[in-house]
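Please work through the exercises below with the sequence and the model open beside you, trying each task before you read its solution.

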Amino acid sequence: MSLNVIILRNLKKNIKNYYLYVFALVFGVALYFSFVTLKYDPSLDVMEGTIKGGAAIGASSVLLIAIVAIFLLYANTIFIKRRSKEIGLFQLIGLTKGRIFKLLSAENLILYFGSMVLGILAGFAGSRLILMILFKILDIEVAAKLRFSIEALQQTVIVFAAIYVLIMLMNYMFIKGQSILSLFRVNSTAEERVRKMPIREIIMGVLGIAFILGGYYISTQLFGGKFVDMAELMAAMIAILALVIIGTYLFYKGSVSFVFNLIRKRKKGYLSINEVLSLSSIMFRMKSNALLLTIITTVSALAIGLLSLSYISYYSAEAQARESSPQDFGYVNPEVKEQFTAALDQAGIKYEELYIPVFYTSVDAAQVMGKTVYQKDEDKQIHTAVISDSSLGNVDVKPGETRLMGLSGALKNFMPMKETGELGFWTAEGKVPMKLNGITSEAVMPYRFGGGSGVFVVDEADYQKLVKVSYPSSQKNVPTEYYGLNLKDRGQMKQAYEIYTAQESTGDKDHALRLTSFSQYEFEINQRTSMGMIMFIVGFLGLTFLITSGCILYFKQMDEGEEEKGGYTILRKLGFTQGDLLRGIQFKQLFNFGIPLIVGLFHSYFAVKSGWFLFGTEMLTPTVIVMVLYTVLYSIFGLLSVVYYKRVIRESL
Amino acid sequence: MAILQANKIYKTYGNKFNKQEVLKGIDLTVEKGEFVGIMGASGSGKTTLLNVLSSIDRVTRGTIEIEGKEFTAMKEKQLAEFRKQHLGFIFQDYNLLDTLTVKENVLLPLSITGISKKDAHRKFEQVAGELGIYELKDKYPAEISGGQKQRTSAARAFVHDPGIIFADEPTGALDSKSASDLLNKLADMNQKHQATIVMVTHDPAAASYCSRVVFIRDGQVYTQLNKGEEARQSFLGDIIKTQGVLGGVQQ
């Protein structure tokens, strides 16, 4: 039997075992290739102006390759360990280390570059799909056409060839550094499995849970007004990160075995088959994989969190656009507005017009403001616009009272205010007391007018009085009147927006006009594009991470299955059926995959919960959608591992 | 009363063209309360015999009954159920699960019978007390000696009162002191509880603890010796003599 035959045989055997590795590799190459293809594709120029699509995709392809490279290297260490006996045997029959290395390299070469070719083909086919997804997210109506990019091909081949060289280097060092005897012993020394539970571990276990809960607790308090200083806020955030990450590590290192040990103690030695297969094995394994599990949990929590936040942002694009421009269109300059309405009339588009005169003032809010970043009373001033209730039509404010409209969600958290209380409007004739009667988050004026703090609405009579005594210096260089236009039929929005943009581009080219005319539709598109892009990138990176980490957990389970095969033999000899064992294994995998998943989901839930309002207006739906999706994809790997165990159990007697 | 009855059992390995006949028509009857030893040279088929008798392996031809139940035609699942209820095992390499404590290992066969927790503990105390492993109950297999492991394995075989216990070279990996300890315990259990034990061994000294020794050669029963009222020492002499005649190589 020549070496070539051995190589081919090994390959055949390995593919059956490592189909997931091949799949992950193909997926990684495909995704990388399509990202690079997109980067070089001219059709992405459509989005120029809003953000640099190409650059963003380029940067994320670097991240992607980092994830894939780490995965491939890690997977390789698992594989080479599994094959150490085989390598030892080759050495025993007289093959030199150099020959063995050649053998392994040739084997890997075929497997690796075979998958790479597959990946590039899939990537070429898939890049069109990916572009279509991107355009769909971004709401761009361009047919997704793609050419085969030679640059992308070159880049992909170079990058993956480099990873291949790295893997070979690792194999070389592994073979070089091992003696025949140690190779035979790798598996048995790999894990010291059975020990008593030392006090140290109990302490670690309790600390782990306490740290995580502590981190969660601080996270819920983060924007609740407790941490008002920027430095304090930073410190709190770092504390949360540290507590949660260290807590997660201790959790795997101690808490899991601690809790399981408690359950086991209570059974007093009388364990059911499910407990035999799950409790004891998980207790010892989670400890030895603590670091790996911590990394997987943390990064997946990060991925879920980022994805949720960008989805929240994308999901709330409409609401945020309403905050930026409450009316469909808004103008500061009456002449420009006239031009626009004339064009609308001509096109037969009907609309309602709103005219709101404005003045600006400082308002002393010391009485209603809670604990904020500003400590001193004289800092608790809101500088914003004041309008009359008559301009709005549907709002009525009593004389002497005022209502704050359009306080943004983010600011509401940073600057908590009581709904009612005494305010002081600063005028040229001193402070005029006004009674605050209600705060709404619904905006009535574009963001430009009130900032995030909204505008004060007062009674018409009060408005006339106040405007006369307002500081003249506050009214300089700011718009003092506003025209809002609402279309009667929002179906004509696109048509109206075309008129709007045409006008904008014929008007003066500088940015003055951008600041004086507003289109809700434009705000929404911009938000969708930037958030969509981020969501797209985070989504695919997250998917890559999910697949690679799922694969690693699966490989670990493969190893575990092989190691525990002897146990299954014993149990089957004792009279447990394959079905009994399989049920036990399902139970065990529920924990093996479930614990990291649930910890990751909790982490991301608390991360999202602490600061979601900075990103959008709706938290639950987008977050739940992301989490469910993640759980489903992740569970696939758990199911695959059960299928693998089924085979091990069947072959064990 | 015969507890195990094997009629004309054959076992062949391999395919049509390359047949290896390991068991060639063995008849064997074991009475309740007997302690039977099966001896033979390497490759004589004694372990295969034990495997088919204990339903871990299937016969090619022939029938085996245990406690009046014929099981050679049973399905895999029924076989597992059968082993669970009627059989106990002691293996050469102990076959303990090293992630479980001594007590958990011993109680393993009980967990499927649905016996109450209290009864299970009582049962454990009794068996573990008799085999002298009660103090080890919270230790893991890695923390105890080979002899202690084998006694744990024996306790697991006895704990659910099986109809018959199969022991495959139980002393094979033990030093002589632990081996005689274990065999004394097995003989005790056999005497006190009328437990039926079938033990495969190649060690004449181990076989001398049995009440009857069956010699296997080339897949057939060669001869058997009954201890009767004989002392263990003289029985050992008989066994060694027979074994000498038996030899490993055809003469």
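Three exercises follow, and they concern a predicted model.

**Exercise 1. Find out which strands of chain A pair with strand E8, and in which sense.**

Solution. Begin with strand E4 of chain A, residues 381-388, which pairs with E8(A) in the parallel sense over three bridges; here A:Val386 stands opposite A:Phe456. Then turn to strand E5, residues 401-405, which pairs with E8(A) in the antiparallel sense over four bridges, and where A:Met405 stands opposite A:Val455.

**Exercise 2. Decide whether the two faces of strand E8 of chain A are covered or open.**

Solution. Take the residues of the strand, 455-458, one side at a time: A:Val455 and A:Val457 lie on one side and are buried, while A:Phe456 and A:Val458 lie on the other and are buried as well. Both faces of E8(A) are therefore covered, because buried means under 20% relative accessible area.

**Exercise 3. Describe how chain B meets chain A, going from the overall contact to a single pair of side chains.**

Solution. First, count the residues: 34 of chain B are in contact with 28 of chain A. Next, consider the area, for the two chains bury about 2,700 Å² between them, with 63% of it on carbon and sulfur atoms; on the side of chain B, B:Thr99, B:Glu104 and B:Tyr140 lose the most area to chain A, together 20% of what that side buries. Finally, look at the charged groups, where three salt bridges are counted between the chains, one of them joining the side chains of B:Lys84 and A:Asp580 at 3.8 Å, N to O.

Technical notes: Residues numbered from 1 in each chain as written. Chains lettered and ligands numbered in written order. Predicted model: local features only at pLDDT ≥ 70, side-chain atom pairs only at ≥ 80, totals over all residues. Heavy atoms only, no water. Buried < 20%, exposed > 50% of the residue type's maximum accessible area, 1.4 Å probe, protein only. Pairing = 2+ DSSP bridges. Contact = heavy atoms within 4.5 Å. Buried area = accessible area lost by both parts, 1.4 Å probe. Salt bridge = Lys/Arg side-chain N within 4 Å of Asp/Glu carboxyl O.
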